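Hi everyone, thanks for having me. Have the sequence and the model open while I talk, and stop me if I lose you.

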Amino acid sequence: MEDGRSAVAVRLLDRALGEAPHAQARSDVRLELAEAHEREGNVAAATAVLGAILAETPGHAIAREQLLALHLRQGDFPRAVADLQALAASAPDDTTRMAVELRMGKLARDHMGDGPLALSAFVRALEIDPLG
């Protein structure tokens, strides 16, 4: 946001976080807070907020996807792979897990030049759906 609105949003969301009555409400506020921090250019704070969501709710797919996107934008591909591994481990079904494994394989192949990692991810995807 322009002209300090992100800073105001961060302060308001910090206050709302203290008043959130339950885990889901805290997660919702934290997702907004992470986005506000990132708009401010405070990647470390955004990462910490997303980490807090994942510490409270390890399988929180939206927080993990936001953290993955942040790592990809930063070019931090090893952490992006770790995010994808966590998403695969907590995938709600085989179709989702297969898609995550394919994403991991493409990331390893196209951005990391890591053939063995790419191959192992593609093999895991193939084992989930051999006809896919």
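I'll go through the overall layout, then how some helices pack, and then a few salt bridges.

First, a heads-up: what you're looking at is a predicted model. So what is the chain built from? There are seven helices and zero strands. If you read along the sequence, the pattern is simply α-α-α-α-α-α-α. The chain has 132 residues, and buried ones make up 36% of them. Here's one more number for the overall picture. Take the contacts between residues at least 6 apart in sequence: 38% of those join residues at least 24 apart.

Okay, on to packing. When two helices pack, we describe them by the angle between their axes and the distance between the axes. Let's start with α4 and α5. Their axes are 8 Å apart, and the angle is about 160 degrees. Anything over 145 degrees counts as roughly antiparallel, so α4 and α5 are roughly antiparallel to each other. The crossing there is left-handed. Who's touching whom? From α4 you have A61, R64, E65, L67, L68, H71 and L72, and from α5 you have F77, R79, A80, D83, L84, A86 and L87. Sort that contact by class and you get nine nonpolar residues, one polar and four charged.

Now stay on α5, which covers residues 77-89, and look at its contact with α6, residues 94-112. Here the angle is about 165 degrees and the axes are 9 Å apart. That makes α5 roughly antiparallel to α6. This crossing is left-handed too. On the α5 side the contact uses F77, P78, A80, V81, L84, Q85, L87 and A88, and on the α6 side R97, V100, E101, R103, M104, L107, H111 and M112. By class that's 11 nonpolar, two polar and three charged residues. Keep E101 in mind, please; I'll come back to that residue.

The next pair is α2 and α4. Which way do they run, parallel or antiparallel? Their axes come within 11 Å and cross at roughly 15 degrees. Angles under 35 degrees count as roughly parallel, and therefore α2 and α4 are roughly parallel to each other. The contact is made by L31, A34, E35 and E38 from α2, together with I62, A63, Q66, L70 and R73 from α4. Those residues split into five nonpolar, one polar and three charged. And the α2–α4 crossing is left-handed.

That brings me to the charged side chains. Side chains of opposite charge can pair when their charged atoms come close. How many salt bridges does the structure hold? Nine. I'll show you three.

Number one involves two residues you've just heard: R73 and E38 form a salt bridge, with the closest N and O atoms 2.6 Å apart. R73 sits in helix α4 (residues 61-74) and E38 in helix α2, 35 residues apart, so to speak of distant parts of the chain being linked is fair. R73 is exposed, at 54% relative accessible area, while E38 counts as partly exposed at 27%.

Number two is back to E101, as promised. The side chains of R124 and E101 meet in a salt bridge, at 2.9 Å from N to O. R124 lies in helix α7 (residues 115-128) and E101 in helix α6, so the pair ties together parts that are 23 residues apart in sequence. R124 is partly exposed, with a relative accessible area of 29%. E101, at 6%, counts as buried.

Number three is E56 with R30, where the closest N and O atoms are 3.2 Å apart. E56 is in helix α3 (residues 43-56) and R30 in helix α2 (residues 23-40), and these two are 26 residues apart. Are they buried or exposed? R30 counts as buried, at 15% relative accessibility. E56 is partly exposed, at 34%.

One last stop, also in helix α2: find S27. With 1% relative accessibility, S27 counts as buried. If you leave out residues up to four places away in sequence, S27 touches I53, E56, T57 and H60. So E56, the partner of R30 in that salt bridge, also turns up among the contacts of S27.

That's me done. Any questions?

How values were computed: Residues are numbered from 1 along each chain as its sequence is written. This is a predicted model: local features need pLDDT of at least 70, side-chain atom pairs count only at pLDDT 80 or more; totals for chains, interfaces and linings use all residues. Side-chain values use heavy atoms; hydrogens and water are left out. Axes are lines fitted to C-alpha atoms, for helices over the stretch in contact, and angles run from 0 to 180 degrees between N-to-C directions. Helices (H or I, at least four residues) and strands (E, at least two) are DSSP runs, numbered from the N terminus. Angles under 35 degrees count as roughly parallel, over 145 as roughly antiparallel, 65 to 115 as roughly perpendicular and the rest as oblique. A crossing is left-handed if the near helix is turned anticlockwise from the far one by less than a right angle, and right-handed if clockwise. Contact means heavy atoms within 4.5 Å. Ala, Val, Leu, Ile, Met, Phe, Trp, Tyr, Cys and Pro count as nonpolar, Asp, Glu, Lys and Arg as charged, and the others, Gly among them, as polar. A salt bridge is a side-chain nitrogen of Lys or Arg within 4 Å of a carboxyl oxygen of Asp or Glu. Buried means under 20% relative accessible area, exposed over 50%, partly exposed in between (1.4 Å probe, protein chains only).
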